[in-house]
Structures are given as structure tokens and as C-alpha cells.
Amino acid sequence: MQMTPQMGYDRAITVFSPDGRLFQVEYAREAVKRGTTAAGVKAKNGVVLLVDKRITSRLIEAESIEKIFQIDDHIGVATSGLVADARALVDRARVEAQVNMVSYDEPIGVEVIAKKICDHKQTYTQYGGVRPYGTALLIAGVDDSRPRLFESDPSGALLEYKATAIGAGRNTFMEIFEADYQEDMDIDAAIMLGMKALYKSTEGKVDAATLELGIVTLEDRQFRKLSEEEVAGFVSRVREELKDDVEEETDDSENEESED
């Protein structure tokens, strides 16, 4: 039996394939692509994080599933992929934030904490006996004068975005963000843009009980997660605004099926 070209190169994290790939890192990215959808949108006065929690059984208590975490007063993260890996990174990030406060008597910068997380993730692509973290993070916060939004993938790569998404629904989210994002939108408009993308990616199946929203603004510089009542208000608004669009798409698909 002939071995496939990649066999032998995906057995260890430290071995490059002949075409320059680290297969274990790519497999970790696949774990993220299969994860729940998380999105971040930067507004002129803050940042929004949004996660659609995937509830696999009606017996699960929805509030027990946590995908958005607070790192420091002014920083929060959203995760997609292996949640256990994400929790380990969140714990490490919280320690780094407190070490910075003790050492320098000032809150840690959003870019600084993002780079520290990425540096740690990168080391797990370089040594034998370990595996890459199977999670991607969206890191949101405010610096002295502006909101920041970073994405970190399993390889330790770091990019700053105006709006982005990770997880299973990324393509749909990015299409809507590319078309509708505006740099002068406020925090309310940013939330509605994220809700619009979620509504379309789930074909209208949006439930406040399975949705997490986190925001941080330049005004109060305090990251917080919205209550279920606040989330329900945005769900009602997006349903009212977009119900006609979903109905039209449903009618069009039914017409196409009848023609076939």
C-alpha cells in the first residue's frame, strides 16, 4: 500500500512537510473552523463581541456554556474551537494583566496582552511533546484613546481588525461585514451589524438564551456582558428589521424548487 505524501509529516509538530507546512497547526485551525461562530465589531466609541453558543441538547443549562470572558476591566475575549484550551489561555491572560498592574501600576495595553497570548501560542508550535492550542481568540478592549480588536489563531499569528469573525459561520459574517461595515458607526449600530450577520447565517434562528454579547466603550472603559434581557431587546429589533428579507429568500428558494 502506497503512503500518502503527507504521512510522516503530520506525526510531530516540529516537522515541516516538503512544501513548508506544519500539518498539526493546520489541523488546529480546522478545529476552530468547526467551532461556534464568534464575531467582533469595532465602533467609533467601543468594541462589540458576539458569540452564538451551540446548544446540543435541551437538557443543557445555556448559562453554563461560556464563550466570552473578561480579562481585565477594559479587555474581553471571545473564543471559538476547544473551550478548554481557551479557558487555559484566558487564565494565563488574566495573570499577565495583573502582573502588569503590579509591576507598572497601570492597566495592560490591549495590543500588549494580545502579543503575550500569541507569543505563548507560538511556542506550542515549536517544541515536541506538546500540541497547538485548538482555539482562536478575538481580543477586544480600549486603549488610551481608541478601541482595539485583535484576532489570534492557533499558530500565534496576530491581526488587528475593524470587524471579523471566527468559527463555522465566518464566511457569511465576513461577506456582511465587507458590505455593510462603516467606520463612523456607534456601539449600538455595531451590535446591530453583528446581529444582522448572525440572523442571516442562522436563517433567522436567533435566541437570546443562546447568545452572548460583550461590550466595552471609551466612555466607561469597563468590559461587561449584556444581560439576557438586553440581548433579547436586540434580538427583537433584528427580527423586526430583517424578517422580510428572510421571507423573500424562503419564497425564492421554494420557487426554484418548484421550477426544478
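## A tour from helix α4 to the salt bridges

Begin in this predicted model by selecting helix α4 and colouring Asn 171, Glu 175, Glu 178 and Ala 179, which are exposed on one side of the helix. Then turn to the buried residues of α4, which spans residues 170-180: these are Phe 173, Met 174, Ile 176 and Phe 177. Looking down the axis of α4, you will find that its buried residues fall within an arc of 165°, so they line one face of the helix. To see what these buried residues pack against, add β1 (38-43), β2 (46-52), β8 (163-166) and α5 (187-201) to the selection.

Next, select Glu 111 and Lys 115, which form a salt bridge with the closest N and O atoms 3.3 Å apart; both residues lie in helix α3 (residues 110-123), 4 residues apart, or about one turn of the helix. Now add Arg 148, which also forms a salt bridge with Glu 111, the closest N and O atoms being 3.1 Å apart. This pair links distant parts of the chain, since Arg 148 sits in strand β6 (residues 147-152) and Glu 111 in helix α3, 37 residues apart. Arg 148 counts as buried at 4% relative accessibility, whereas Glu 111 is partly exposed at 29%.

Move on to Asp 188 and Arg 237, whose salt bridge has its closest N and O atoms 3.1 Å apart. Asp 188 belongs to helix α5 and Arg 237 to helix α6 (residues 228-259), so the pair ties together parts that are 49 residues apart in sequence. Finally, select Lys 42, Glu 111, Lys 115, Asp 143, Arg 148 and Glu 160, which salt bridges with shared partners join into one network.

Note on methods:
Residues are numbered from 1 along each chain as its sequence is written. This is a predicted model: local features need pLDDT of at least 70, side-chain atom pairs count only at pLDDT 80 or more; totals for chains, interfaces and linings use all residues. Side-chain values use heavy atoms; hydrogens and water are left out. Buried means under 20% relative accessible area, exposed over 50%, partly exposed in between (1.4 Å probe, protein chains only). Helices (H or I, at least four residues) and strands (E, at least two) are DSSP runs, numbered from the N terminus. The arc is that of the directions from the helix axis to the C-beta atoms. Contact means heavy atoms within 4.5 Å. A salt bridge is a side-chain nitrogen of Lys or Arg within 4 Å of a carboxyl oxygen of Asp or Glu.
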